[in-house]
Amino acid sequence: MAMNYSEKVMDHFTNPRNVGEIEDASGCGTVGNAVCGDIMRVYLDIDENNVIQDAKFKTFGCGAAIATSSMATVLVKGKTVQEALEVTNKAVMEALDGLPPVKVHCSLLAEEAIHAALWDYAEKNGLVIEGLEKPVSDISEHEHDHGHDIDDEEDDA
């Protein structure tokens, strides 16, 4: 099945930014989606002023998962921890000029991976980041719409 990906999605998939690991990262978060099999790990280097100096990622997944990981790291670099918390899946999708509906969950993974790395940073430093909730390791546990019909999920309950 052919998908219509934007030029930006294709660019971030074929030339991903910030791939790799940060040794002794200030925060590291790993999330996945058991339904699709994507796994995303984000590393953050945060300075004493709570500014993200560097962000890197490693992702096992489809092209959209790689592209959203890449864009998410671009969006949080240079931001404060509080500003990074405001980088939502919608912001990631908008920065990529959209995603096909069946790939929206990839942007949710990117948002959650950033939040998981921020949570790790807060835990390591005994901080409370206002508005940050404890992340889940599997985003399919969240009540986000991943292209499923909510009525179907209720029927399964």
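Select S69 to begin: this residue sits in helix α2, residues 63-76, where helices (H or I, at least four residues) and strands (E, at least two) are DSSP runs numbered from the N terminus. The model is predicted, so local features need pLDDT of at least 70 and side-chain atom pairs count only at pLDDT 80 or more, whereas totals for chains, interfaces and linings use all residues. Residues are numbered from 1 along each chain as its sequence is written, and side-chain values use heavy atoms, with hydrogens and water left out.

S69 counts as buried because its relative accessibility is 1%; buried means under 20% relative accessible area, exposed over 50%, and partly exposed in between (1.4 Å probe, protein chains only). Display the surroundings of S69: apart from residues up to four places away in sequence, S69 touches M40, F57, T59 and A110, a contact being heavy atoms within 4.5 Å.

**Along helix α2**

Next, select T73, which also belongs to helix α2. Is T73 buried or exposed? T73 is buried, with a relative accessible area of 0%. The side chains of T73 and N18 are joined by a polar contact of 2.9 Å. Such a contact is a pair of N or O atoms within 3.5 Å; within protein, one must be able to donate a hydrogen and the other to accept it, and residues adjacent in sequence count only if both atoms are side-chain atoms. With neighbours within four places in sequence left aside, the contacts of T73 are R17, N18, A55, K56 and F57.

Now colour the whole of α2 by burial. This helix is mostly covered, with 11 of its 14 residues buried; among them are A64, I66, M71 and V76. The buried residues of α2 pack against α1 (7-14), β2, β3, α3, α4 and α5. The 14 residues of α2 should span 20 Å at 1.5 Å a residue, and the end C-alpha atoms are 20 Å apart, which agrees; the expected span is 1.5 Å times one less than the number of residues. Beyond the helix, select G78, which follows α2 and has a positive phi near 85°.

**The strands**

Move to β1 (residues 27-32) and β2, which pair in the antiparallel sense over 6 bridges; two strands pair if DSSP finds at least two bridges between them. Select G32 and I39: I39, in β2, is the bridge partner of G32. The hairpin of β1 and β2 has 6 residues between the strands, and in this hairpin G37 takes a positive phi near 90°.

From there, select F60 in strand β3. F60 is exposed, with a relative accessible area of 61%. Leaving aside neighbours within four places in sequence, F60 is in contact with G37, D38 and I39. To add a distance label, join the C-alpha atoms of F60 and R41: they are separated by 8.9 Å, with the two residues 19 apart along the chain.

**Helix α5 and the core**

Select residues 104-125, helix α5: its 22 residues should span 32 Å at 1.5 Å a residue, in agreement with end C-alpha atoms that are 32 Å apart. Helix α5 is mostly covered, as 17 of its 22 residues are buried.

Which residues have the most contacts inside the largest nonpolar core? They are L44, V76, L118 and I129, in a core of 40 residues. A nonpolar core is a set of buried Ala, Val, Leu, Ile, Met, Phe, Trp, Tyr and Cys residues joined through side-chain atoms within 4.5 Å. The elements giving two or more residues to this core are β2 (39-46), β3 (52-60), α2, α3 (81-85), α4 (89-95) and α5. The largest share, 12 residues, comes from α5.

Centre the view on L118. Without its neighbours within four places in sequence, L118 is in contact with L44, I46, V81, A84, L85, I129 and L132.

Then select N125, also found in helix α5. N125 counts as partly exposed, at 43% relative accessibility. From N125 to G27 the C-alpha distance is 9.7 Å, although the two are 98 residues apart in sequence. G126, with a positive phi near 60°, follows α5.

**The whole chain**

Finally, show the entire protein chain, which has 6 helices and 3 strands. From the N terminus on, the elements run α-β-β-β-α-α-α-α-α. Of the 157 residues, 46% are buried.
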